[in-house]
Structures are given as structure tokens and as C-alpha cells.
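Reader: I am new to this structure. Please take me through it and show the reasoning behind each term.

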Amino acid sequence: MKTNNDQLQLWQKVTVMLGLLTLMMALMFFLGCLGGALDFNQFSIGGQSGLRTIAGVAISGCLLAAIGFWDK
């Protein structure tokens, strides 16, 4: 498993950074909802709760980062 960013190819670096950015965005939305600046209902999509939507975005970010660190 590669853990050094210098050994990653360009597509892997982009995928890892995109995944981490997505994860941080979901974290900011979650903290904003906990702090009262945002409402979970703003993120409800298709009858799902807003918390579930934010969690789905966070999981997507984790998966993107994991794909970027994938080594054959």
C-alpha cells in the first residue's frame, strides 16, 4: 500500500484530493447543522433525511480517497 504522495500518479493525487475535499465539505455541513447555522431539512433529497444525505456525501469522499490510494 502506498502512503507517500510522491509515489502516486496524477489521477491518484486528483482522486485523493477530491475525496478529502468532499469529506471536509460534508464535515462543514454537519458542523453547521449542529451549530444551528444550517438546517438538516435543507439537505433532504427524495424524502431522505438531511443527515443521511450529508453522511452519503462523507462516505463518497472516503471512497474517492480510498480509490486514489489503491495499488494493484
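Author: What follows is a short set of questions and answers on a predicted model.

Reader: What makes up the secondary structure of the protein chain?

Author: The protein chain has 2 helices and 0 strands.

Reader: Why is the protein chain called more spread out than a compact globule?

Author: For 72 residues the globule rule gives 11 Å, and the radius of gyration is 15 Å, well over that value, so the chain is more spread out than a compact globule. Along the principal axes, the C-alpha atoms fill a box of roughly 40 × 25 × 15 Å.

Reader: What percentage of the 72 residues is buried?

Author: Buried residues account for 25% of the 72. The chain exposes about 5100 Å², with 68% of that supplied by carbon and sulfur atoms.

Reader: Where is Thr15?

Author: Thr15 lies in helix H1, which covers residues 10–35.

Reader: Why is Thr15 called buried?

Author: The term buried applies under 20% relative accessible area. Thr15 has a relative accessible area of 15%, so Thr15 is buried.

Reader: Which residues is Thr15 in contact with, leaving aside neighbours within four places in sequence?

Author: They are Leu64, Ala65, Ile67 and Gly68.

Reader: How do you know that the side chain of Thr15 makes a polar contact with the backbone oxygen of Trp11?

Author: A polar contact needs a suitable pair of N or O atoms within 3.5 Å. The Thr15 side chain reaches the backbone oxygen of Trp11 at 2.7 Å, so the pair is within the cut-off.

Conventions
Residues numbered from 1 in each chain as written. Predicted model: local features only at pLDDT ≥ 70, side-chain atom pairs only at ≥ 80, totals over all residues. Heavy atoms only, no water. Helix = DSSP H or I, 4+ residues; strand = E, 2+ residues; numbered from the N terminus. Rg over C-alpha atoms; globule rule 2.2 N^0.38 Å. Buried < 20%, exposed > 50% of the residue type's maximum accessible area, 1.4 Å probe, protein only. Areas by Shrake-Rupley, 256 points an atom, 1.4 Å probe, with all protein chains shown as cover. Polar contact = N/O pair within 3.5 Å; in protein donor to acceptor, adjacent residues only side chain to side chain. Contact = heavy atoms within 4.5 Å.
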